[in-house]
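Hello,

Here is the structure I promised to pass on. My notes follow below it, and I hope they help you find your way around.

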Amino acid sequence: MILHQVLRLSSLFRSAFSTHLRRNIGLSAIVFNKTRDLDPVQKLFVDKIREYNTKSKQAGGPVDAGPEFQREINESLARLQRAYGEGDLTKFPEFKFE
């Protein structure tokens, strides 16, 4: 009977240890993937996103947008202004619930 309890306790420890080991291996794989170097295509993609982000902050809007783009934006805003009325269409609306 004591041997039966010891074996059952041993199996509980074994399952708890395997669960703990599995979790640690899973976490270390995530950390390893984040710290290792990206493949060349991923690195190029991330570099282009960062480059676009810095250019858009400097330009204060869309990057490499010419006068034609600005004209189309103004026409679209005028069309929406006529359809939906007054107000600033470039900002998100504020909702007030009473």
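A definition to start with: a polar contact here is a pair of N or O atoms within 3.5 Å; within protein, one must be able to donate a hydrogen and the other to accept it, and residues adjacent in sequence count only if both atoms are side-chain atoms. By that rule, the side chain of Ser56 reaches the backbone oxygen of Asn53 at 3.0 Å.

Please keep in mind that this is a predicted model: local features need pLDDT of at least 70 and side-chain atom pairs count only at pLDDT 80 or more, while totals for chains, interfaces and linings use all residues. Residues are numbered from 1 along each chain as its sequence is written, and side-chain values use heavy atoms, with hydrogens and water left out.

The chain has 3 helices and 0 strands, where helices (H or I, at least four residues) and strands (E, at least two) are DSSP runs numbered from the N terminus. Of its 98 residues, 2% count as buried, meaning under 20% relative accessible area, with exposed over 50% and partly exposed in between (1.4 Å probe, protein chains only).

Most of my notes concern helix α2 (residues 40-59), whose end C-alpha atoms are 28 Å apart. That agrees with the 28 Å expected for its 20 residues, taken as 1.5 Å times one less than the number of residues. At the start of α2, a side-chain oxygen of Asp39 comes within 3.2 Å of the backbone nitrogen of Val41. After α2 comes Gly60, with a positive phi near 75 degrees.

Ser56 is found in α2 too, and Ser56 is buried at 18% relative accessible area. Beyond its neighbours within four places in sequence, Ser56 is in contact (heavy atoms within 4.5 Å) with Gly61 and Val63.

Now the charged side chains. There are 4 salt bridges, each a side-chain nitrogen of Lys or Arg within 4 Å of a carboxyl oxygen of Asp or Glu. One of them joins Lys43 and Asp47 at 3.4 Å, N to O; both residues lie in α2, 4 residues apart. Further along, Lys48, Glu51 and Lys55 are linked in a network: Lys48 meets Glu51 at 3.7 Å, and Lys55 meets Glu51 at 3.3 Å. Glu51 is partly exposed, with 32% relative accessibility, and Lys55 is partly exposed at 35%.

Do have a look and tell me what you think.

Best wishes
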